[in-house]
Amino acid sequence: EVPVLTVDGPGGAGKGTVSRLIAERLGWHLLDSGALYRLTALAALKHGLALDDEAALATCAETLDVRFVACDGETRIELEGRDVSGDIRTEEVGNVASQVASLPRVRDALLTRQRDFRDMPGLVADGRDMGTVVFPHAPLKVYLTASAEERARRRHEQLLSAGRDATLTSLLDEIKARDARDMQRAVAPLKPADDAVLLDSTSLAIPDVVECIERLLSA
Ligand code: C5P
């Protein structure tokens, strides 16, 4: 049995960074499930698919030609042979991702692909429904949150250091809209699994969160 650690929670709570650090420390595989939804969104935009054409979007998700290439501590993500690591991180793609993620057939199409990441010696799975739907039997499930204000502040800092600009209020509005869509959708809504450990990172630094999860893993 391959051990799986699931890390779910709203966008901007630090799941991505924390999951990557823990996977590195343990030498485990990493599933960035949000990237799969973002890739589906990007492919749909590229091929001009209508965002309400569920059948076409599901086929798009199922036939996604994607490669995760590990190179010096980073993972390069390729779609149809092209490096899209930066392209999938824009707010626009994130918003389209959260729209296509509300379609049950798209989620179904990505299910096997996500489970295929499970391999020895272990897997850290980062997303919204890792503990509730994709890996319901995972022995350790973490639900990582932070206040919307703090998540907006972190996103703002990230954008500024990337030389981009956005107002804190517009980011806060986007974060709240995305939370609402992720939590209120009919399929796989964002919520902690019944057996998840809740962690609030509002006033915790990344290394503290990592340490806390490592302590849970070895307990
Ligand atoms: O985590 P990230 O911001 O990359 O995810 C983009 C979008 O994909 C989320 O807003 C969410 O709607 C969707 N998603 C999902 N289930 C997952 C991961 C992401 O619905 N397991």
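How do the residues of the shell around the ligand divide into nonpolar, polar and charged? I would like to start there, and I should say at once that what we are looking at is a predicted model. The shell divides into four nonpolar, four polar and eight charged residues, and with that division in mind we can go through the individual contributors.

There are 16 residues around the ligand, and those that come nearest are Arg38, Arg107, Asp129, Asp182 and Arg185. For one of these, Asp182, we have a specific contact, in that an N or O atom of the Asp182 side chain is 2.7 Å from an oxygen atom of the ligand. Arg128 also places a polar side-chain atom 2.9 Å from an oxygen atom of the ligand, while for Ser33 the partner of the polar side-chain atom, again at 2.9 Å, is a nitrogen atom of the ligand. As for cover, the ligand taken alone exposes 450 Å², and of that area the protein buries 94%.

If we ask which elements supply the shell, those giving two or more residues are helix H2, spanning 33-46, helix H4, spanning 91-100, and helix H8, spanning 168-184. The largest share comes from H2, with four residues.

Let me turn now to the cavities. The structure holds one cavity of 30 Å³ or more, and the space in this largest cavity is about 30 Å³, a value I would ask you to keep in view while we look at the lining. The residues that line the largest cavity are Asp8, Gly131, Lys141, Val142, Tyr143, Lys191, Pro192, Ala193 and Ala196. By class, that lining comprises five nonpolar residues, one polar residue and three charged residues. Strand S7, which covers residues 140-145, gives the most to the lining, with three residues.

My last item is the aromatic side chains, where the count comes to one aromatic pair. The partners are Phe68 and Phe117, whose arrangement is edge-to-face, with 5.6 Å from centre to centre and 85 degrees between the planes. This pair links distant parts of the chain, since Phe68 sits in strand S3, residues 66-71, whereas Phe117 belongs to the loop between helix H5, 104-115, and strand S6, 123-127, and the two are 49 residues apart.

To return to the opening question, then, eight of the residues in the shell around the ligand are charged, with four nonpolar and four polar residues beside them.

How values were computed. Residues are numbered from 1 along each chain as its sequence is written. This is a predicted model: local features need pLDDT of at least 70, side-chain atom pairs count only at pLDDT 80 or more; totals for chains, interfaces and linings use all residues. Side-chain values use heavy atoms; hydrogens and water are left out. On a 1 Å grid over the protein atoms alone, a cavity is a set of points where a 1.4 Å probe fits but cannot get out, and a pocket is an open set with protein on both sides within 12 Å along at least five of seven lines; lining residues have an atom within 4 Å of a point. Grid points are joined across faces, edges and corners, and a volume is the space filled by probe spheres set on the points. Ala, Val, Leu, Ile, Met, Phe, Trp, Tyr, Cys and Pro count as nonpolar, Asp, Glu, Lys and Arg as charged, and the others, Gly among them, as polar. A residue is near a molecule or strand if one of its heavy atoms lies within 4 Å of it. A polar contact is a pair of N or O atoms within 3.5 Å; within protein, one must be able to donate a hydrogen and the other to accept it, and residues adjacent in sequence count only if both atoms are side-chain atoms. Accessible areas come from the Shrake-Rupley method with a 1.4 Å probe; for residues, only the protein chains shown count as cover. Rings of Phe, Tyr and Trp (its six-membered ring) pair if their centres lie within 6.5 Å; planes under 30 degrees apart count as stacked, over 60 as edge-to-face and the rest as tilted.
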